[in-house]
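Hello,

Here is the structure I said I would pass on. My notes on it follow.

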Amino acid sequence: MRSLLTGLFLVLAAAGMIVAVPSTWVASHVVSADGFADAAAEAASKPVVQEFFAAKIAEEVAQSTDIPLAGAAVAPLATSYTQSPAFVADFTEVARQQHRWLFTQPGPETSRHQMELDVTPMVNRVLEQAPVPIEIDRKITVPVDQTRLTAGSMEGVGSALTVTAWISVIVGILGALVSLVFGRNRAAVLAWLGVGAVLAGGAGAGLAAYLRSKAADSSTGDLSTQKTVEAVADDVLAGLTSTSWIVAGVGLAVAVVGAAAALFLNRR
């Protein structure tokens with residue numbers, strides 16, 4: 001009976017860890033607005049993102065003013081701006097807009113299939129550096145069409161995922177503690193917990209790879225838009241990948257130490 005109870009709680013501990021690793025990371029870095037913005041901001045240093053926004057800024061200036069060659073004159077200023085710290089701050093705000101579109105139920109004026117990113121602050125920063133006064137008196141947005149996601153579609157998922165993360169952490173911790181308390185061979189129990197951590201790390205890394213492969217498919221439009229979306233997703237999910245491999249590495253070390261200790265104790 002004792003062995004059966006230990007085995008049952010070991011399974012619960014492993015299941016808890018397998019769910020907890022990806023769900024807690026996603027809850028804190030994707031569902032959380034601050035976590036999402038901070039993770040996405042890392043993409044601001046990528047050339048593909050900088051080039052995309054520099055081109056959009058120059059394009060919007062050209063379309064919004066009658067000044068001849070305004071877009072061409074602004075283009076080098078936009079390129080310089082996207083390589084500056086100011087762009088990182090503005091891009092973080094754009095990431096927050098993306099998060100609000102995904103995780104907040106839309107109002108009647110919000111398009112359900114097209115994300116409108118307000119880049120007016122970016123344009124104004126560039127125009128401040130223009131050699132001649134250029135004024136644009138309207139809000140400037142960059143549309144990003146979505147095929148798989150709709151406005152507010154992640155709100156319910158995000159709430160459920162946060163609850164799941166907490167439950168899985170509690171289940172994993174209780175399962176591990178109870179199995180260690182009731183286990184006859186605590187070294188062997190520790191080894192199996194390490195195996196559970198390896199499986200949890202593998203599950204997290206696998207989920208990150210799957211979500212990364214789906215990122216580009218979630219948007220339509222020109223190639224530069226898709227590559228920009230993919231670059232942001234890569235940076236957001238890079239943290240899940242690295243965290244998962246760290247968990248797997250620690251789990252492997254625990255499993256090896258536990259197995260070695262169990263063998264040593266059995267020989268005594």
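The largest nonpolar core (buried Ala, Val, Leu, Ile, Met, Phe, Trp, Tyr and Cys residues joined through side-chain atoms within 4.5 Å; buried means under 20% relative accessible area with a 1.4 Å probe, protein chains only) has 46 residues. F53, I57, F91 and M122 have the most contacts inside this core. Helix α5 gives the most to the core, with seven residues. Apart from it lies another core, of five residues, including L10, A13, V189 and L193.

This is a predicted model: local features need pLDDT of at least 70, side-chain atom pairs count only at pLDDT 80 or more, and totals for chains, interfaces and linings use all residues. Residues are numbered from 1 along each chain as its sequence is written, and side-chain values use heavy atoms, without hydrogens and water.

F53 touches T82, F87, F91, V94, V119, M122 and T228 (heavy atoms within 4.5 Å), leaving aside residues up to four places away in sequence. F53 is one of the buried residues of α3, as are I57, K56 and E60. Helices are DSSP runs of H or I with at least four residues, numbered from the N terminus.

Helix α5 covers residues 85-103. Among its buried residues are F87, F91, V94, D90 and H99.

On the surface, L8, L12, V163, I167 and V171 form a nonpolar patch with about 400 Å² of accessible area together. Helix α7 (155-182) and helix α1 (2-31) each supply at least two of the patch residues, and α7 gives the most, with three.

Regards

Definitions and conventions:
Buried means under 20% relative accessible area, exposed over 50%, partly exposed in between (1.4 Å probe, protein chains only). Patches are made of residues with over 30% relative accessible area and no salt bridge: like charges are joined within 9 Å, nonpolar side chains (Val, Leu, Ile, Met, Phe, Trp, Tyr) within 5 Å. Accessible areas come from the Shrake-Rupley method with a 1.4 Å probe; for residues, only the protein chains shown count as cover. A salt bridge is a side-chain nitrogen of Lys or Arg within 4 Å of a carboxyl oxygen of Asp or Glu. The expected span of a helix is 1.5 Å times one less than its number of residues.
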